[in-house]
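The following exercises concern salt bridges and strand pairing. Each task is followed by a solution that proceeds step by step.

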Amino acid sequence: MMEKFRRQGYAVFEGAIDGSDLAMLRDICDTLLAEPPRDGGAGLHNIGRGESRRFLRHRHTDFPELADFALGTRIDWLIRQSLGRSALLFNEQFVVKGAGRGASFAWHQDSAYVGFEHLPYVSLWIALDDATEENGCVYLIPRDLDANPGIDAHERMDGTDELVGYFGDDPGRAMICEAGTVVAFSSRTLHRSGENITDRPRRAYLGQYSPEPIRDPVSGRLKRFATPLARSAQ
């Protein structure tokens, strides 16, 4: 699986998250959705769009069961299948597209949002609902990570903090999948997501894991988290 991940920049793990964990993630997501939107703020990219696209960030410390999941052995296994080694929790968030008005997200590499050079990390995108083209599934452009390991040039969308890294005609591969599927992709892999035009929200959980702490090269400050997984800490 690791060879496939490196050859195309992503890997799909169908049914990787079982019923109890899936139910837990959905319950916490719905709890956070009941809070007023608070996207943006100091140190965060303002890429949320209120009810149409919400990023429910950095709440694993508020929910022990979410922390156990995000730092647990199943996640460790998925990372090792992709990177060939364990990694540190760098970032985590729920991403929700509102019913009937869920905003799309432009082509980008996750690494472009870091703001400085760093080792590539892996994003584990977990479908909490069946993902379809109608409700805003993720699209990926395959990328050979050995042949093309860099961060592409990105442009900032007018009036937003959203970055765009691809303007070509390739529509990408649609990650149409059932709830519980994990799409693992490199922070160097271009991806986007479509609008949600259905009558139900589209929920996902995104955990991002880096092979080493990501620190600002000027200040030396840690960017977000660098938390070892439970198995790695043993």
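**Exercise 1: A buried arginine and its partner**

Arg143 counts as buried, with a relative accessibility of 6%. The model is a predicted one.

Task. Determine which residue forms a salt bridge with Arg143, and how far apart the closest N and O atoms are.

Solution.
1. The partner of Arg143 is Asp152, and the closest N and O atoms of the two lie 2.9 Å apart.
2. A salt bridge requires a side-chain nitrogen of Lys or Arg within 4 Å of a carboxyl oxygen of Asp or Glu, so the pair qualifies.
3. Asp152 has a relative accessible area of 25% and is partly exposed, whereas Arg143 is buried.
4. Elsewhere, Asp18, Asp21 and Arg74 are joined into one network by salt bridges that share partners. The structure holds 11 salt bridges.

**Exercise 2: The salt bridges of Arg59**

Task. State which side chain meets Arg59 in a salt bridge of 2.9 Å, N to O, and which residue forms a salt bridge with Arg59 at 2.6 Å. Then classify Arg59 as buried or exposed.

Solution.
1. At 2.9 Å, N to O, the side chain that meets Arg59 is that of Glu35.
2. This pair links distant parts of the chain, 24 residues apart. Arg59 lies in the loop between strand S2 (53-57) and helix H3 (64-70), while Glu35 lies in the loop between helix H2 (19-33) and S2.
3. At 2.6 Å between the closest N and O atoms, the partner of Arg59 is Asp62.
4. The relative accessible area of Arg59 is 11%; buried means under 20%, so Arg59 is buried.
5. Glu35, at 27%, is partly exposed, and Asp62, at 44%, is likewise partly exposed.

**Exercise 3: Edges of a sheet**

Task. For the open sheet of four strands, give the strand order and identify which strands stand at the edges.

Solution.
1. The order is S4-S11-S6-S9, and the pairing is antiparallel.
2. The edges are formed by strand S4 (105-108) and strand S9 (173-174). Each has a single partner strand, so one side of each is left without a neighbour in the sheet.
3. S4 pairs with strand S11 (residues 191-193) in the antiparallel sense, over two bridges.
4. Within this region, Phe105 stands opposite Ser193 in S11.

How values were computed:
Residues are numbered from 1 along each chain as its sequence is written. This is a predicted model: local features need pLDDT of at least 70, side-chain atom pairs count only at pLDDT 80 or more; totals for chains, interfaces and linings use all residues. Side-chain values use heavy atoms; hydrogens and water are left out. Buried means under 20% relative accessible area, exposed over 50%, partly exposed in between (1.4 Å probe, protein chains only). Two strands pair if DSSP finds at least two bridges between them.
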